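Trainee: I would like to learn how to read a protein model feature by feature. Could you take me through one, giving the general idea before the particular case?

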Amino acid sequence: MYGLPKDLDLSVFINKEIEEITFTVNTIVFCFGIGLSITTESIVEFFYLKDGSCCCVEPPVESSNLMMLLGKKIVNAIANPNGKLELAFDDGMKLGFLDDSSQYESYRINIDGKEIVV
């Protein structure tokens, strides 16, 4: 809905690991350690390493392979002009957080108490 701020410093994600993934009825929360998380209320693209396939995960989640990312280290973070945030991991897997709603918030990034709404 709002897109990513042009001055957003994504280097905060580099070398962080996904420590926890929490599922609620309306959200998926990815925790990268103290003070860094992404909460999505929309579609997340998950690209697998082994066969290059992609699946889309959206709340409410009944089952998921996202747990494969626990403990994986982020090696790159890219902000796309369309509001999509891409995180690439050390084993080749990727996550894409989509800004796909013109009416509602798609995801929120929390960096040390500062919330960025996309």
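Mentor: We shall go from the overall fold to the aromatic rings, and then to some individual residues. Please keep in mind that this is a predicted model.

Trainee: How many helices and strands are there in the protein?

Mentor: A reading of a fold begins with its secondary-structure elements. In this protein there are ten strands and zero helices, so that, read from the N terminus, the order of elements is β-β-β-β-β-β-β-β-β-β.

Trainee: How compact is the protein for a chain of 118 residues?

Mentor: One compares the radius of gyration with what the globule rule gives for the length of the chain. Here the radius of gyration is 13 Å, close to the 13 Å from the rule, and the protein is therefore as compact as a globular protein of that length. Along the principal axes, the C-alpha atoms fill a box of roughly 35 × 30 × 25 Å.

Trainee: What share of the residues counts as buried, and what share of the contacts joins residues at least 24 apart?

Mentor: Burial and contact range are two separate readings. Of the 118 residues, 42% count as buried. For the contacts, one takes those between residues at least 6 apart in sequence, and 52% of these join residues at least 24 apart.

Trainee: What can be said of the surface and the charges of the protein?

Mentor: The accessible surface comes to about 6,500 Å², and carbon and sulfur atoms account for 48% of that area. As for the charges, the protein has 9 positive and 18 negative ones, and the mean positions of these two groups are 6 Å apart.

Trainee: How many aromatic pairs does a search of the whole structure find, and how should I read one?

Mentor: The search finds four aromatic pairs, and a pair is read from the distance between ring centres and the angle between ring planes. Phe 30 and Phe 97 form one with centres 5.3 Å apart and planes at 85°, and this pair is edge-to-face because its angle is over 60 degrees. Phe 30 belongs to strand E2 (residues 28–31) and Phe 97 to strand E8 (residues 94–97), so the pair links parts of the chain that are 67 residues apart.

Trainee: Why do Phe 30 and Phe 97 count as buried?

Mentor: Buried means a relative accessible area under 20%. Phe 30 counts as buried because its relative accessibility is 0%, and Phe 97 is buried because its relative accessible area is 0%. Another aromatic pair, Phe 46 with Tyr 48, is tilted, with 4.8 Å from centre to centre and 40° between the planes; both Phe 46 and Tyr 48 are buried. Ring pairs also join Phe 30, Phe 97 and Tyr 107 into a cluster.

Trainee: Which peptide bond is cis, and where does Pro 60 lie?

Mentor: The omega angle is the value to look at for a peptide bond. The bond from Pro 59 to Pro 60 is cis, with omega near -5°. Pro 60 lies in the loop between strand E5 (54–57) and strand E6 (74–79), and Pro 60 is exposed because its relative accessible area is 59%. Although Pro 60 and Thr 24 are 36 residues apart in sequence, their C-alpha atoms are 7.0 Å apart in space.

Trainee: What is the phi value of Asn 15, and what is that of Asp 112?

Mentor: For phi, one notes the sign and the kind of residue. Asn 15 has a positive phi of about 70° although it is not a glycine, and Asp 112, also a residue other than glycine, has a positive phi near 50°. Asn 15 is found in the segment before strand E1 (20–23), whereas Asp 112 is found in the loop between strand E9 (107–111) and strand E10 (114–117). With relative accessible areas of 52% for Asn 15 and 65% for Asp 112, each is exposed.

Trainee: Which residues does Asp 90 touch, leaving aside those up to four places away in sequence?

Mentor: Asp 90 touches Lys 72, Lys 73 and Val 75. The C-alpha atoms of Asp 90 and Lys 73 are 5.5 Å apart, with their positions 17 residues apart in sequence. Asp 90 is found in the loop between strand E7 (85–89) and E8, and Asp 90 is partly exposed, with a relative accessible area of 49%.

Terms used. Residues are numbered from 1 along each chain as its sequence is written. This is a predicted model: local features need pLDDT of at least 70, side-chain atom pairs count only at pLDDT 80 or more; totals for chains, interfaces and linings use all residues. Side-chain values use heavy atoms; hydrogens and water are left out. Rings of Phe, Tyr and Trp (its six-membered ring) pair if their centres lie within 6.5 Å; planes under 30 degrees apart count as stacked, over 60 as edge-to-face and the rest as tilted. Helices (H or I, at least four residues) and strands (E, at least two) are DSSP runs, numbered from the N terminus. Buried means under 20% relative accessible area, exposed over 50%, partly exposed in between (1.4 Å probe, protein chains only). The radius of gyration is taken over C-alpha atoms; the globule rule is 2.2 Å times the number of residues to the power 0.38. Contact means heavy atoms within 4.5 Å. Accessible areas come from the Shrake-Rupley method with a 1.4 Å probe; for residues, only the protein chains shown count as cover. Lys and Arg count as positive and Asp and Glu as negative; His and the chain ends are not counted. The place of a charge is taken as NZ of Lys, CZ of Arg, CG of Asp or CD of Glu.
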